[in-house]
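Got the viewer open and a selection box ready? Here is a walk through the model, stop by stop.

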Amino acid sequence: VTATAIAPELADRGGEIEIAPGRETYLTAKTSFLSWALTTDHKRIGVLFFFGTSLALALGGAFAIALRTEHLSPGRTIMSAVGYNRMFTLHGVTMVWLFMIPSIPSAFGNFLLPIMIGAKDVAFPKLNLLSVYLYLAGAALVLGGMLVGGTDTGWTFYAPYSSVSPTAVVPVVAGVFVIGFSSIVTGLNFIVTTHTMRAQGLGWMRLPLFVWALYGTSVIQVLATPVLGVALLLVGIDHAFSWGMFDPARGGDPVLFQHLFWFYSHPAVYIMILPAMGVISEVVCTFAHKNPSSYKAIAYSTFGIAFVGFLTWGHHMFVAGMSAFDAGAFGILSMLVAVFSAIKVVTWVATLRRGSIALKTPLLYVFAFLFLFVFGGMTGVAVATTSLDVHWHDTYFVVAHFHFIMVGGTLTGWLAAVHYWFPKVTGRLYPERLGVVSAVLVFIGFFLTFFPQFLLGNGGMPRRYYDYPPQFQTLHVVSTCGAWILGATMLFTLTYLAWAAVRGERAPANPWDSRSFEWRAPSPPPPHNFVDPPSFEHGAYDYTRPLETAS
Amino acid sequence: MDFVRALLGLPPAGTTLADEIDRLHAIVISVTMISATLVFVAAFWFCVRYRRRFAGQLTKHITIPLAGELTVIGGILVSFVAFWIVGYRQFLNLVSAPSGAAVAYVTAKQWMWTFEYPDGTSTNDSLVVPVGQATKLAMISRDVIHSLYVPAFRIKHDVLPGRYTTVWFRPTTPGRYPIFCAEYCGTEHSGMRAEVVVLSEKDYADWQSSRVASGTVSMAQTGASVAARRGCLACHTLNGAPHVGPTFSRLYESTVRLEDGRTVVADEAYLTRSMMDPMADRVAGFASVMPTYRGVLSPADTGAILELIKSLRDAEIAAGVTLPHLEVAAAPDAGEVTGGKDGAP
């Protein structure tokens, strides 16, 4: 038995499949520590990133639980104001740069991109290894900065506060600066790989949609991240040597920092969400057993988002002292970028119509994604409405909005990916019933945590508040309970996945009976991805006929 | 409206603009919740209706027709643009103070607010204003960025170091309304609170007379002595006579023609920018000789000079003196769009 499709009825029973004796997988080819530490195999690099980002998620999640617990009562509950300010900074930095940005592209993108385009590896395997070590070095600097006292500027590092904050700003901005290079290197690698290493006959319009999503993401990573690097470098220099770059008393301009920062950090939300959208496209088509209702709409809207996403950064600054004309222009451009997201949502839902739908865990996560993303996205339209943003800016409404769309979207997309590609990566099946429980509880926990925060923001509760007026306590308590449910569910999920990776049932090569290209390789794939040269004649979304087996 | 506010958890409305903003809020949020629910329900219904009947079930190749796609996209775009049009009109009202609004000066620092009034008095924990009167706040920070936020008034604006920003409101009901700092500013950020105290006309008059009795120097008087001490009056006259720099007389809220052909209204933002960065917006016909006062004038002194200039807004015209063109438009109603004018550079 090698690379090809397994009878679906066998897949439904979990199968009694053993890997053919003597067949090497990428996991078993070499097993020494160095074979992992110095690997240039894109699959192993993907796995390394998966462990790194999952650890970051656990850490950032633990910070979040502590922050929410602090808010059980006004004033001090479990930590001081100084501790709280440092913790929300670390929560943001860890979640944004150590988890969300690399979570899907660096882990799943690395693992799947070459397989999806029929290549043996990425274009620059050694650069790929470098990106792992840049990530680790950056993470070490950020977490080391935490050990030497932490920083209290918020993940946005707004000047001039970040220039004068009495905390360890320099190691943290240096860490993020280094992680930025990891991001750039990965993006560059993906762009070149997609351009130059597609298998013969695999034109752009035949690529799996996940590849389009990764490509769009990579373009943003390469173009936007250098601006973040510049902005953080200036903050670091200002903090360490007092050059007064953002100090108005010496001719600097504090608002300039915000422009530089958001020029990266707004597109960065698309770095986080586009790969998740790619996952959703794959999962919807596989479990609906149907072609996407408009391949072109999904592929092109990716570029609409990537391009217009660069022109909306000013909507973070409506009340920061920009002219009314600028506010209007950034407002309408922000509306435009929302339209591209809406196109994707409509296309996914239409794809389900007249499909043959199997409601498995990954698809349940798609449902969670759809609700959180549409609700979060529409509240994005609400905060892009300039007069309403004046009231909501820097309140819990904004916190709830970006957690719904950015975190909710990325987290549910990531969890869908984890479950969907679990058999591909590990060669084993996750327990379906536990998966369903986890998907339902993640949704409930997430909704309970962040929905009350919309109401808090309406009521005027500013964000980054250690202490708060007592009328907000009830909603804070509900939100904290939600966070506990979400935290416990995440622990539960990671536990059964860890168990299944070792003890789960053996998976067939293509347990979902998917047409997408990565499922034509064995599970887990051999070191060079394919045993026989793969055939891409059958389209990635052609469910009108059974998949011909290659051998 | 009060029912909608209760449903959305909004605080009671305290200004003339709050009602229409809350109405738009309710509409936008309803559309948000309805569309999220519709998408969810549609997806769920498809999952039931088109559930897989047997393993390996195949499907037809179906795509949305282009016309259908364009209709959906067009519909979405139209509703988003409608939000933008209504919201942007409201935004212009929120940032454009009516001419003739009373002014109070706000100084922010870690972690307290100071409010100064033209009569020369100041308060720390509360900003006192009369009901029904448009009040403009001219705000500056002494250290990092802060943000003045009054939830009940639906207003918020960042308070920057080195530059004045403004925000305005016209309170409708006497009462006490909390002020929060909305821009993270360090350890005691969440403790940086104050309140707006809106008094009835009679109470306000009582409050004012009780303060004037204490015999303070008005801000305009302080401004005159600061202007003399700092050398402003060496080049700028107070009586409209031409000199090295533009006269202060009838300058405030007049339309000024600049060297590069643009025109600006001489409001708080323009006047303070001219003190801190004189070459940025140089008035036509004057030599570029003014030094910067950045780091020289304290926020209090800057506010005092502003008050001096404002006190000369309706000064007598001296015989034979050419004055800058005055803006003659009547003070607009709160509900009117007055057009966008830059709040800051």
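Before the first click, one term: buried means under 20% relative accessible area, exposed means over 50%, and partly exposed is in between, with a 1.4 Å probe and protein chains only. For selections, residues are numbered from 1 along each chain as its sequence is written, while chains are lettered from A and ligands numbered from 1 in the order in which they are written. What you have loaded is a predicted model, where local features need pLDDT of at least 70, side-chain atom pairs count only at pLDDT 80 or more, and totals for chains, interfaces and linings use all residues; side-chain values use heavy atoms, with hydrogens and water left out.

**Stop 1: colour by confidence**

The model scores ipTM 0.88 and pTM 0.88. Now colour chain B by pLDDT, the predictor's confidence in each residue, from 0 to 100. Chain B averages 85, and 90% of the residues score at least 70. Then select residues 325-345 of chain B: the pLDDT is below 50 there, and beyond near neighbours in sequence the stretch has 43 contacts in the model. A contact here is heavy atoms within 4.5 Å.

**Stop 2: helix 8 of chain A**

Select residues 209-241 of chain A, which make up helix 8. Helices (H or I, at least four residues) and strands (E, at least two) are DSSP runs, numbered from the N terminus. Helix 8 has 33 residues and reaches 47 Å from its first C-alpha to its last, close to the 48 Å expected at 1.5 Å a residue. That expected span is 1.5 Å times one less than the number of residues.

Where does helix 8 of chain A bend? Centre on Ala224(A): the bend is about 30°, and a proline, Pro226(A), follows within four residues. The bend is the angle between axes fitted to the seven residues ending at a residue and the seven starting there. Switch on a surface and you'll find helix 8 mostly covered, with 24 of its 33 residues buried. Step just past the end of helix 8 to Ser242(A), which takes a positive phi of about 50°.

**Stop 3: Ser479(A)**

Jump to helix 17 of chain A, residues 473-503, and pick out Ser479(A). Is Ser479(A) buried or exposed? Buried, at a relative accessible area of 0%. Leaving aside neighbours within four places in sequence, Ser479(A) is in contact with Arg68(A), Leu448(A), Thr449(A), Pro452(A) and Gln453(A).

**Stop 4: salt bridges**

A salt bridge is a side-chain nitrogen of Lys or Arg within 4 Å of a carboxyl oxygen of Asp or Glu. Over all chains, the count comes to 22.

Show Asp253(A) and Arg163(B) as sticks: their side chains meet in a salt bridge at 3.1 Å, N to O. Asp253(A) sits in the loop between helix 8 and helix 9 of chain A and Arg163(B) in the loop between strand 7 and strand 8 of chain B, so this pair joins two chains. Asp253(A) is partly exposed at 28%, whereas Arg163(B) is buried at 15%.

Stay in chain B and select Glu259(B) with Arg282(B), a salt bridge whose closest N and O atoms are 3.6 Å apart. Glu259(B) is in the loop between strand 11 and strand 12, Arg282(B) in the loop between helix 6 and helix 7, so the pair ties together parts 23 residues apart in sequence. Now add Asp281(B) and Arg262(B), another salt bridge, with closest N and O atoms 2.7 Å apart. This pair ties together parts that are 19 residues apart in sequence. Asp281(B) is buried at 8%, and Arg262(B) is partly exposed at 39%.

**Stop 5: strands of chain B**

Two strands pair if DSSP finds at least two bridges between them. In chain B, 5 strands form an open sheet in the order 3-2-1-5-8, with mixed pairing. Strand 3 and strand 8 stand at the edges, each with a single partner strand, so one side of each has no neighbour in the sheet. Strand 1 (residues 102-109) and strand 5 (residues 135-141) pair in the parallel sense over 7 bridges; look for Ala104(B) opposite Leu137(B).

Finish on strand 9 (residues 175-181) of chain B. Strand 9 pairs with strand 6 (residues 146-150) in the antiparallel sense over 2 bridges, and Leu148(B) stands opposite Cys181(B). Strand 9 and strand 10 (residues 193-199) are also antiparallel, over 6 bridges, with Glu195(B) the bridge partner of Pro178(B).
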